Amino acid sequence: MTTSATTSPSGVRWADVLLTAFAPMIWGSTYIVTTQVLPPDRPFTAALIRVLPSGLLLLLCTRRLPASRDWGRLLVLSALNIGAFQALLFVAAYRLPGGLAAVVGAIQPLLVMALAWGAEQRRPLGSTVWAAVAGVVGMGILLLSPGTVFEPVGILAALAGAASMATGTYLTRRWRMDMPVLALTGWQLMLGGLMLAPVAWFADAPLPGITLWQALGYLYLSMAGALLAYALWFRGIARLTPVAVSSLGLLSPLTAVVLGWVLLGQAIRGFAFVGLAMVFASILAVQWTASRRA
């Protein structure tokens, strides 16, 4: 019997790529939800509400304890992937236009490559490097127009968030803890949420009486932006290379730009479409190179 394309190793891998790609696309919607729906100037509260309820829900469903030897690593991953990243993500989202906040984070694939090269003492494939660089350049063309307003704290937060997530992505793959994906996701979300709780308490003003629309915004960020997106992301890390997974992160700024264009009327003109094409080409090139190596 002939093996169908969908059940071949290559077909399975591209299915994993498509599923993993949903995570950064969901994260790309964070910026428009934050600025258009949530109460203003409460980044740490938004991060806390996003991750802690979804983490507790996953732990109630999975009921799986980490091995005693994994607790230290789990705390590090929770801080990098959830606590620090989510806090910095919302600081950037509140201070920068969605597209600009996301494009700064588009350096994540390059950071993962640098970590892999430094830790493993081997140079990544040249074509992969140039494809990732092309994606970052494409985002720059798409977004960095002469009228762009830069806010230093937001830029630094976006850069630090990209570095945190890149390190967490690399270490998650490198350490490979013996836990199901949903249990690993739940523990990281819960522990990251506990790390965020005191920061939100001391740094943010108390929440006012929120509207139904704002409550739905928080619910979307928690159930889709944390529970679903992180489960797909960690599943992808377990099945794909860190560089291949990180390159999909370019879909986050791309989604932020497209949503701003469609829903807020933020213009994309002329040469910006060249940048759009470069980002798509970069993502496909990195995935194709990773598929050949696999």
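Two residues count here as in contact when heavy atoms of theirs lie within 4.5 Å. Keep that cut-off at hand for this tour of a predicted model.

**Stop 1: the whole chain**

Start with the cartoon view. The protein chain has 13 helices and zero strands, so every element you meet from the N terminus on is an α. Now switch on a surface or colour by accessibility: of the 294 residues, 52% count as buried. If you like contact maps, take the contacts between residues at least 6 apart in sequence; 92% of these join residues at least 24 apart.

**Stop 2: Met-177, in a loop**

Select Met-177, whose place is in the loop between helix H8 (152–175) and H9. Is this loop residue buried or exposed? Met-177 has a relative accessible area of 12%, and because the limit for buried is under 20%, Met-177 is buried.

Next, show what surrounds it. Setting aside neighbours within four places in sequence, Met-177 is in contact with Asp-70, Arg-73, Leu-74, Leu-77 and Leu-184. Draw a distance from Met-177 to Asp-70, C-alpha to C-alpha, and you should read 6.9 Å, although 107 residues separate the two in sequence.

**Stop 3: H9 against H10**

Move on to helix H9 (residues 181–203) and select helix H10 (residues 212–239) along with it. The axes of H9 and H10 are 9 Å apart, and the two helices pack at an angle of about 125°. That angle makes H9 oblique to H10. Turn the view until one helix lies in front of the other, and you are looking at a right-handed crossing.

Which residues meet here? On the H9 side, pick Val-181, Leu-182, Thr-185, Gln-188 and Leu-189. On the H10 side, pick Ala-226, Leu-227, Tyr-230, Ala-231, Phe-234 and Arg-235. Coloured by residue class, this contact divides into eight nonpolar, two polar and one charged.

**Stop 4: H4 against H10**

Keep H10 on screen and swap H9 for helix H4 (residues 71–95). The axes of H4 and H10 come within 14 Å and cross at roughly 130°. H4 is therefore oblique to H10, and H4 passes H10 in a right-handed crossing.

To see the contact itself, show Asn-81, Ile-82, Phe-85, Gln-86 and Phe-90 of H4. Opposite them, show Leu-221, Tyr-230 and Phe-234 of H10. What is the make-up of this set by class? The residues divide into six nonpolar, two polar and no charged. Tyr-230 and Phe-234 may look familiar: they also take part in the contact with H9.

**Stop 5: the salt bridges**

Stay on H10 and select Arg-235, which you met at the contact with H9. Arg-235 forms a salt bridge with Asp-16, and the closest N and O atoms are 3.1 Å apart. The partners come from distant parts of the chain: Arg-235 is in helix H10 and Asp-16 in helix H1 (residues 9–28), 219 residues apart. Asp-16 itself is buried, with a relative accessible area of 6%.

Now add Arg-239. Asp-16 also forms a salt bridge with Arg-239, and here the closest N and O atoms are 3.8 Å apart. This pair again links H1 to H10, across 223 residues. Arg-239 is partly exposed, with a relative accessible area of 48%. Shared partners join Asp-16, Arg-235 and Arg-239 into one network. How many salt bridges does the model have in total? The count comes to two.

**Stop 6: Thr-34**

Jump to Thr-34, found in helix H2 (residues 30–36). Thr-34 counts as buried, at 1% relative accessibility. Beyond its neighbours within four places in sequence, Thr-34 is in contact with Phe-90, Ala-93 and Tyr-94. Phe-90 is one of the H4 residues that make the contact with H10.

**Stop 7: Val-286**

Finish in helix H13 (residues 272–293) by selecting Val-286. At 1% relative accessibility, Val-286 counts as buried. For a last distance, pick the C-alpha atoms of Val-286 and Ser-246: they are separated by 9.7 Å, with the two residues 40 apart along the chain.

How values were computed
Residues are numbered from 1 along each chain as its sequence is written. This is a predicted model: local features need pLDDT of at least 70, side-chain atom pairs count only at pLDDT 80 or more; totals for chains, interfaces and linings use all residues. Side-chain values use heavy atoms; hydrogens and water are left out. Axes are lines fitted to C-alpha atoms, for helices over the stretch in contact, and angles run from 0 to 180 degrees between N-to-C directions. Helices (H or I, at least four residues) and strands (E, at least two) are DSSP runs, numbered from the N terminus. Angles under 35 degrees count as roughly parallel, over 145 as roughly antiparallel, 65 to 115 as roughly perpendicular and the rest as oblique. A crossing is left-handed if the near helix is turned anticlockwise from the far one by less than a right angle, and right-handed if clockwise. Ala, Val, Leu, Ile, Met, Phe, Trp, Tyr, Cys and Pro count as nonpolar, Asp, Glu, Lys and Arg as charged, and the others, Gly among them, as polar. A salt bridge is a side-chain nitrogen of Lys or Arg within 4 Å of a carboxyl oxygen of Asp or Glu. Buried means under 20% relative accessible area, exposed over 50%, partly exposed in between (1.4 Å probe, protein chains only).
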